[in-house]
Amino acid sequence: MNPEVVTIGLGYIGLPTSALIASHGTNVLGIDINQDVVDTINEGKIHIIEPDLDQIVSKAVLNGFFKASTKPASADVFLIVVPTPFKANHEPDISFVETATNGIIPHLKKGDLYIIESTSPIGTTEKMQELIYESRPELKDEIYIAYCPERVLPGNVMHELVHNDRVIGGVNEKSTLKATLFYAKYVKGKLHGTNARTAEMCKLVENSSRDVQIAFANELSIICDKADINVWELISLANKHPRVNILQPGCGVGGHCIAVDPYFIVSDYPMESKIIGTAREVNNYKSFWCAEKIQNEKLKFELEHGRKPSVALMGLAFKPNIDDLRESPAKYIVNKVLQNDSNSEYFIVEPNIDSHNVFKLTNYNEAIINADIVVFLVAHEEFKNHKIFKDKVILDFCGINK
Ligand code: SAJ
């Protein structure tokens, strides 16, 4: 195969993106460091859970438009879609982007288009431009370099990849234009051109904005608990105002995006990002507060009844109706509660997964019937139909009863 597009990284975004491009009859070579991932894809199968992705991948592989490998090759377009985690001190780690870029530098030729899609701190695209020109000075101003963040919601990726608007920021105008023409072949949403730094910041700001708004709701929930006000009723009433739209409090903020991206701004601009930094603290504190609340409720029960209560902990996923436990505040709370007192009886419930390597999972009904204290951590659909139990202590951190 003569690849027209090389994608580096075949994860949650890289694989669907590669498959989408290949489904248009473009030759795509997908690169991943994991041999198992490469083998699975070359068999026409997938290693992640995402609706509709399996058929698109198997068809593209069968038709010969999509192939996976551990080694890059020359192409016309290179897409970097690798993870950008943060280090222990919350500083962004762009080493995967660097390694991916170093891997393709020898394959670059005049006229090629290089695009980063990975969430990246401001200035990453310019840094990669320098890296490329340092080892290949003859390519200076002879290739096109741009940043275009993905913005899809896991679970709805194949639809959103096509229909969401995209922000495309080149290191110069001709790069923005070249990248826009590339995405126009596959994307039906509007394509908005800008410069690379603004596009990088835009992705970080989208998720920070949501984090700040959720922090506001979480702060309200802690104030309302003290003031003996039902926060869910309060928010629903306040939202009747035509220009107010408060989000929902929960047991914290999780996932790989909203709880991570704000740190990319805070770490580079600590003095200037007061609200963004505080929102992260408030949302982290909310999980700690929930764990403390459970502990206090247990002690209260023990004083009143002269025995330790059994506790049902409802939900482990990072948000409702998914099986994804990554960076989950509910999982953090369950861990913390168990660490605080490992002698009590716990029923841990997560209806979206069959088993867990650390927690013994219990069926939803069994947990509800047997527990003295029922703690709702995640508003899964299954939990919403429960009957009101008069004899139970209920702690509702996610508005299941609202
Ligand atoms: N949450 C609340 N209250 C709310 C809404 C959410 O506590 O009112 C919590 C959820 O329970 C969860 C966390 O926030 O723990 C994040 O969930 P989410 O559904 O808001 O977001 P993600 O992480 O699944 O996906 C986000 C999306 N970004 C925005 O909505 C701005 C998605 O569009 C991005 O593509 C994705 O991050 C990403 O990859 O950056």
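Let's start at the ligand. This is a predicted model, and 18 residues surround the ligand. Which come nearest? Val152, Lys203, Asn207, Arg210 and Phe318.

Now the polar atoms. Take Arg210 again. An N or O atom of the Arg210 side chain sits 2.5 Å from a ligand oxygen. Next, Glu150. Here too a side-chain N or O atom faces a ligand oxygen, at 3.4 Å. Arg151 uses its backbone instead: a backbone N or O atom is 3.2 Å from an oxygen atom of the ligand.

On to the sheets. One open sheet has eight strands. The order reads S3-S2-S1-S4-S5-S6-S7-S8, and the pairing is mixed. Why do S3 and S8 each have a side without a neighbour in the sheet? Strand S3, 66–69, and strand S8, 191–195, are the edges; each has a single partner strand, so one side of each stays without a neighbour. From one strand to the next, the twist averages 25°.

Look inside that sheet. S4 covers residues 77–80, S5 covers 113–116, and the two run parallel. Four bridges join them. One pair to find on screen: Phe78, with Tyr114 in S5 as its bridge partner.

Now two helices. H4 is residues 95–104 and H5 is residues 124–135. Their axes are 10 Å apart, and they pack at about 35°. The crossing is right-handed. Who makes the contact? From H4, Val97, Glu98, Thr101 and Asn102. From H5, Thr124, Met128, Leu131 and Ile132. By type, that contact has four nonpolar residues, three polar and one charged.

Next, another open sheet. This one has four strands, ordered S10-S9-S11-S12, with parallel pairing. S10, at 345–349, and S12, at 393–396, are the edge strands, each pairing on one side only. Neighbouring strands here are turned by 15° on average, ignoring direction.

How many bridges link S11 and S12? Four, in the parallel sense, with S11 at residues 373–376. Within this region, Val375 stands opposite Leu395 of S12.

Last, the helices on this sheet. H11 spans residues 274–305. It lies across S9, which is 310–314, and also across S10, S11 and S12. Against S12, H11 runs at about 170°. Then H12, residues 329–340, which lies across S9 and S10. Its angle to S10 is about 170°.

That's the tour. Back to the ligand for discussion: Arg210, with its 2.5 Å side-chain distance to a ligand oxygen, is on the screen.

Notes: Residues numbered from 1 in each chain as written. Predicted model: local features only at pLDDT ≥ 70, side-chain atom pairs only at ≥ 80, totals over all residues. Heavy atoms only, no water. Pairing = 2+ DSSP bridges. Axes fitted to C-alpha atoms, helices over the stretch in contact; angles between N-to-C directions. Left-handed = near helix turned anticlockwise from the far one by under 90°. Contact = heavy atoms within 4.5 Å. Nonpolar A, V, L, I, M, F, W, Y, C, P; charged D, E, K, R; others polar. Near = heavy atom within 4 Å. Polar contact = N/O pair within 3.5 Å; in protein donor to acceptor, adjacent residues only side chain to side chain.
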